[in-house]
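Grab a pencil and work through these short exercises with the model open beside you. Try each task before reading its solution.

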Amino acid sequence: YTPVRVSSTSFLTPPNHDRPVQTLELDLTGSGLSYGLCDQMMILPRNAPHVVDSFLRFFGLSGNDVYSFEPISGASHLNIPEKLTLREMFSQYVDLHGLPTRKLIGLLSQMASNPKEAREMTAIAESPEKYSKLS
């Protein structure tokens, strides 16, 4: 992976859109990279160590525990190592600042152990109006 600087950004979708789309202009100076028409690029989030530590502490997780990750259907194109620590996962591969999509909230509602919370999550997943109140 090669880190590069974002030189400008702008949103292509309206505020509170379910799946915000934005353009990024990247400064490749000194990176040794080039980018041409139809080239593809993966942008991975990089969360600050204090944000990851707070996240792990809040959920009572140890960042040093090693887990095996198996791609779910349709996600096999992601370039994530099969085994890594939770600290690596939440530092490099998960955007801790972003709002989860309605689809993800709906999927998570199916795993909720509390029926009331599951109903609330389902309601958010099914209602653009309720979802927009999260941001």
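**Exercise 1. Find the partner of Glu120 and say how far apart the closest N and O atoms are.**

Step 1: Glu120 pairs with Lys116 in a salt bridge, and their closest N and O atoms are 3.2 Å apart. A salt bridge here is a side-chain nitrogen of Lys or Arg within 4 Å of a carboxyl oxygen of Asp or Glu.

Step 2: Place the pair. Both residues sit in helix H4, four residues apart, which is about one turn of the helix. Helices are DSSP runs (H or I, at least four residues), strands are E runs of at least two, and both are numbered from the N terminus.

Step 3: Check the exposure. Lys116 is exposed at 53% relative accessible area, while Glu120 is partly exposed at 42%. The cut-offs are under 20% for buried, over 50% for exposed and in between for partly exposed (1.4 Å probe, protein chains only).

A note before you go on: this is a predicted model, where local features need pLDDT of at least 70 and side-chain atom pairs count only at pLDDT 80 or more, while totals for chains, interfaces and linings use all residues. Residues are numbered from 1 along each chain as its sequence is written, and side-chain values use heavy atoms, with hydrogens and water left out.

**Exercise 2. How many salt bridges does the whole structure hold, and which parts does the pair Asp27 and Arg5 tie together?**

Step 1: A search of the whole structure gives three.

Step 2: One of them joins Asp27 to Arg5, with the closest N and O atoms 3.4 Å apart. Asp27 belongs to strand E2 and Arg5 to strand E1 (residues 5–11), so this pair links parts 22 residues apart in sequence.

Step 3: Now take Arg87 and Asp53, whose side chains meet at 2.5 Å, N to O. Arg87 is in helix H2 (residues 86–92) and Asp53 in helix H1 (residues 49–58), so parts 34 residues apart in sequence are tied together. Both are partly exposed: Arg87 at 32%, Asp53 at 30%.

**Exercise 3. Are H3 and H4 roughly parallel or roughly antiparallel?**

Step 1: Helix H3 (residues 102–109) packs with helix H4 (residues 115–126) at about 155 degrees, their axes 8 Å apart.

Step 2: That angle makes H3 roughly antiparallel to H4. Angles over 145 degrees count as roughly antiparallel, under 35 as roughly parallel, 65 to 115 as roughly perpendicular and the rest as oblique.

Technical notes: Axes are lines fitted to C-alpha atoms, for helices over the stretch in contact, and angles run from 0 to 180 degrees between N-to-C directions.
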